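Colleague: I am learning to read models of this kind, and I would like a close look at a single part. Could you take one helix, go through it carefully, and then place it in the rest of the chain?

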Amino acid sequence: LSGVAAASALGLGLTGCGGGQAPQAASKGDAADAKTEDYTTKGKNEHLVCGVTGKLIKIAPAIVADKLGYFGEEGCDVEFQQIALNDAMTALTNNQLDMDLFGVVPACTYVSQGAKAYVFGGTILNGSEICALDSFDRELKTAADYRGLKIGVNRPETGQMVFKEWLQDAGLDINGGDVTFTYFDNDQGGFEAVKKGEFDLYITNNAQGFVQRGNGIKVVATVKQYAGDYPCCRQNCSEQALRDKYLSLVDFEVGVLRGY
């Protein structure tokens, strides 16, 4: 993917999340017009501070790109920092962190509350597994097969949004009428609830089915098999990074694509 194509894709992706809008140049005649610059042509070779949480498999393309030197080859100087999710989103919206590699749910949540955060790319395709006890033997081929099930959900998981949309499009009531969803902020609590019989299924990161092997848990389906391909974890950036480091964000995106 050329830098020009990536820049074009980046500009489209930056139109916001949850109704957020990317900053627009002032119109002609506006008093601020003389002070407004086209930020999409600036910000090359800037230092990017990127927040990551835990050891998510979904950020693997970025880690590969870093280890193989792709960011450096693209002229992108990236510093990765381990940081808690809530701390990262707060820092991002306060312009204390340039970008992060988390799911779209946290960004949408903050944007819906009026915070300024921008989505400029997707880190990986798909990524959500639907897990159950080893003894679970219900066939899950159609949306109707999910009727009556209690489903636990890892809250930040993008796939749960796509899955619920698929159920709704099939005519199911996902607010307790046909299917019940309950959110968890960590996988440990979600899997424990499934093991105790409190939930039939649990939607989580696509690495967890592998991790839980031998613990009485199996993968019974993936969101992709119902909804098709969808972008999973997102690359979110601060308003300051958007305006002052735009071309460095483009270079980061090219590096991630090469790593993928």
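Modeller: What follows begins with one helix and then moves outwards to the strands and the salt bridges. Please keep in mind throughout that this is a predicted model.

The helix I have chosen is α7, which covers residues 187-195. Which of its residues are buried? They are D187, G190, F191, A193 and V194, where buried means a relative accessible area under 20%. Looking down the axis of α7, one finds these buried residues within an arc of 155 degrees, so they line one face of the helix. It helps to recall that an α-helix has 3.6 residues a turn, so residues three or four places apart point the same way. The cover over the buried residues of α7 includes the strands β5 (128-133), β6 (150-154), β7 (180-184), β8 (201-205) and β9 (217-222), together with the helix α8 (208-211).

The two ends of the helix also deserve attention. At the N-terminal end, N186 acts as a cap for α7, with a side-chain oxygen 3.2 Å from the backbone nitrogen of Q188. After α7 comes G197, whose phi is positive, near 85 degrees.

Two of the covering strands, β6 and β7, are themselves partners: they run parallel and are joined by five bridges, and within this pairing G152 stands opposite T182 of β7. Between them comes helix α6 (residues 158-169), and β6, α6 and β7 together make a right-handed β-α-β unit. A salt bridge is found in this region as well, since the side chains of R147 and D178 meet with N and O 3.3 Å apart. R147 lies in the loop between β5 and β6, while D178 lies in the loop between α6 and β7, so that this pair links parts of the chain 31 residues apart. R147, with a relative accessibility of 40%, counts as partly exposed.

Elsewhere in the model, five strands form an open sheet of mixed pairing, in the order β2-β1-β3-β10-β4. Its edge strands are β2 (77-82) and β4 (117-122), each of which pairs on one side only. On its paired side, β4 meets β10 (residues 234-238) in the antiparallel sense, over five bridges, and there V119 stands opposite N236 of β10.

Let us return to salt bridges, of which the structure holds nine. In general, side chains of opposite charge can pair when their charged atoms come close. One of these pairs is R258 with E74, whose closest N and O atoms are 3.0 Å apart. This pair connects helix α11 (residues 246-259), where R258 lies, to the loop between α3 (70-73) and β2, where E74 lies, and the two residues are 184 residues apart. Both residues are partly exposed, R258 at 36% relative accessibility and E74 at 22%.

Another pair is K245 with D98, and here the closest N and O atoms are 2.9 Å apart. Because K245 lies in the loop between α10 (239-244) and α11, and D98 in the loop between α4 (85-93) and β3 (99-100), the pair ties together parts that are 147 residues apart in sequence. Are these two residues buried or exposed? Both K245 and D98 are buried, whereas R258 is partly exposed.

Methods:
Residues numbered from 1 in each chain as written. Predicted model: local features only at pLDDT ≥ 70, side-chain atom pairs only at ≥ 80, totals over all residues. Heavy atoms only, no water. Pairing = 2+ DSSP bridges. Helix = DSSP H or I, 4+ residues; strand = E, 2+ residues; numbered from the N terminus. Buried < 20%, exposed > 50% of the residue type's maximum accessible area, 1.4 Å probe, protein only. Arc of directions from axis to C-beta. Contact = heavy atoms within 4.5 Å. Polar contact = N/O pair within 3.5 Å; in protein donor to acceptor, adjacent residues only side chain to side chain. Right-handed = clockwise from strand over helix to strand, strands pointing away. Salt bridge = Lys/Arg side-chain N within 4 Å of Asp/Glu carboxyl O.
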